[in-house]
Amino acid sequence: MIVRDLRSKIVGRRILGVQTDWPKYFRLPSSEARFRACITGKVITAVDRRSKNVLISLTGDYLLLIHQKISGRLLVGNWERRSDSQTPHSLWQPVSPPRGSTVPQGRFIHLLFDLDDGRQLGLSDLRKFAKALCGKREVILNRPEIRQLGPEPLDPQFTLARFKQLFAGRKGRIKQMLMNPKFIAGIGNIYSDEILYAAGIHPLSRLTKFQEPQLKALYRSIKTVLKKAVRLRGTGIVGGSAAARAEQGYDKVRMVYQRRECPRGHEIQRIRIGGRSARFCPVEQKLF
DNA sequence: TGCAGTGTTGCTTC
DNA sequence: CGAAGCAACACTGC
């Protein structure tokens with residue numbers, strides 16, 4: 001769930017309790033009991049985002065950080081313990097809602113926060129890579145995964161001049177740089193492919209070769225692709241059902257990611273860069 | 001059927 | 001220091 005949706009649903013709510021079937025989520029404090037003690041009874045005062053970290057402000061100057069990683073989705077709804085014993089995906093299943101209302105998505109609920117309005121904040125997370133941290137705001141914000149983050153690409157302060165500065169003295173392939181959160185925050189595999197297609201730049205291009213025209217094209221593409229993605233509420237989860245993906249508008253406008261052909265009919269190529277797969281159009285994306 | 005592939009980091013090794 | 005490789009986990013799709 002997008003942060004702006006989450007904000008409208010959970011700000012002002014008190015957290016009554018925490019349930020999980022995967023205590024490894026709790027990285028700080030690292031024991032389930034201490035995490036529960038840190039969370040319980042506090043009121044949610046704000047929801048923000050830094051890169052892909054969801055930051056939930058709590059009374060008493062505390063912060064709950066949740067990173068959804070690859071397969072996590074934060075949802076608001078109601079879940080109940082499964083009665084069947086055939087241990088499928090998780091211990092919980094969605095409470096069947098009244099006819100006509102929306103079923104909370106997420107078969108893979110592994111973490112639940114009970115809220116004081118009777119609803120729950122649930123983490124659906126097939127691969128269980130997500131993490132949750134609770135602590136004093138200053139402690140959380142000083143952790144390396146937050147402190148070392150690069151600029152937010154949609155921040156108005158992120159100007160072309162600042163973008164150019166990021167290239168100074170750096171080597172490597174552009175695809176890997178775009179996905180490096182210490183370089184720019186919040187660009188993952190899909191959007192890096194889409195940005196590079198929009199800019200007409202080959203993912204293996206070397207940073208040292210970038211001149212003014214490429215820097216400008218890339219900067220503009222970062223802004224336009226990400227703005228469109230936010231407007232269309234993001235992409236669906238990879239591996240999710242087609243129906244679940246269809247609700248995420250960005251799925252309809254992807255140019256290269258998981259497509260056979262680009263919009264001009266050229267066959268998409270796939271290569272591996274730094275352990276990730278990169279999709280691109282070999283005709284329209286030039287190697288620098 | 002089996003195995004490559006998967007909105008992401010972060011640790012270890014060289 | 002940087003880069004590469006891979007682990008965390010479990011399912012989908014070819």
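This is a walk through a predicted model, from its two sheets to the protein surface beside DNA strand C.

Some ground rules come first. Residues are numbered from 1 along each chain as its sequence is written, and chains are lettered from A and ligands numbered from 1 in the order in which they are written. Because the model is predicted, local features need pLDDT of at least 70 and side-chain atom pairs count only at pLDDT 80 or more, while totals for chains, interfaces and linings use all residues; side-chain values use heavy atoms, with hydrogens and water left out.

Let us begin with an open sheet of four strands, ordered β1-β9-β10-β6 and paired antiparallel. The edges of this sheet are β1 (15-20) and β6 (72-77), each with a single partner strand, so one side of each has no neighbour in the sheet. On average, neighbouring strands here are turned by 15° against each other, direction ignored. Strands (E, at least two residues) and helices (H or I, at least four) are DSSP runs numbered from the N terminus, and two strands pair if DSSP finds at least two bridges between them. Angles run from 0 to 180 degrees between N-to-C directions, using axes fitted to C-alpha atoms, for helices over the stretch in contact.

Strand β10 (residues 120-125) is a good place to pause. Strand β9 (residues 109-115) pairs with β10 in the antiparallel sense over five bridges. Asp114 faces Gln120 of β10, and Leu112 stands opposite Gly122. The two strands form a hairpin with four residues between them, and Gly118 in the turn has a positive phi of about 90°. Strand β6 also pairs with β10, again antiparallel, over six bridges; here Gly72 has Asp125 as its bridge partner.

How many of the six residues of β10 are buried? Six of six are, where buried means under 20% relative accessible area, exposed over 50% and partly exposed in between (1.4 Å probe, protein chains only). In a regular strand the side chains alternate between the two faces of the sheet. In β10, Gln120, Gly122 and Ser124 point one way, and Leu121, Leu123 and Asp125 the other way.

Next comes an open sheet of five strands, in the order β2-β11-β5-β4-β3 and with mixed pairing. At its edges stand β2 (26-28) and β3 (44-50), each with a single partner strand, so one side of each is left without a neighbour in the sheet. Neighbouring strands of this sheet are turned by 20° against each other on average, direction ignored. Strand β3 runs antiparallel to strand β4 (residues 53-58), joined by six bridges, and Arg49 stands opposite Val54 in β4.

Two helices appear beside both sheets. Helix α1 (residues 3-10) lies across β6, β9 and β10, at about 30° to β6, and also across β3 and β4, at about 175° to β3. Helix α2 (residues 32-39) packs on the four-stranded sheet, touching β1 and β9, where touching means heavy atoms within 4.5 Å. Helix α2 also lies across β2, β4, β5 (62-67) and β11 (131-136), running at about 55° to β11.

Further along the chain, helix α7 (residues 189-199) is mostly covered, with 10 of its 11 residues buried. Among the buried ones are Ile190, Tyr191, Ile195 and Leu196. Their cover includes α6 (174-179), α8 (212-231) and β13 (276-280). Just after α7, Gly200 takes a positive phi of about 70°.

Finally, which residues come nearest to DNA strand C? Of the 10 residues around this strand, they are Trp22, Lys24, Arg127, Lys128 and Phe129; a residue is near if one of its heavy atoms lies within 4 Å. The residues of this surface divide into four nonpolar (Ala, Val, Leu, Ile, Met, Phe, Trp, Tyr, Cys and Pro), four charged (Asp, Glu, Lys and Arg) and two polar (the others, Gly among them). Of the DNA strand C atoms within 4 Å of the protein, 55% belong to sugar or phosphate and the rest to bases. A side-chain N or O atom of Lys24 is 2.7 Å from a phosphate oxygen of DNA strand C, and a polar side-chain atom of Lys128 lies 2.6 Å from a phosphate oxygen. Arg127, in turn, has a polar side-chain atom 2.9 Å from a base oxygen.

Note on methods:
Polar contact = N/O pair within 3.5 Å; in protein donor to acceptor, adjacent residues only side chain to side chain.
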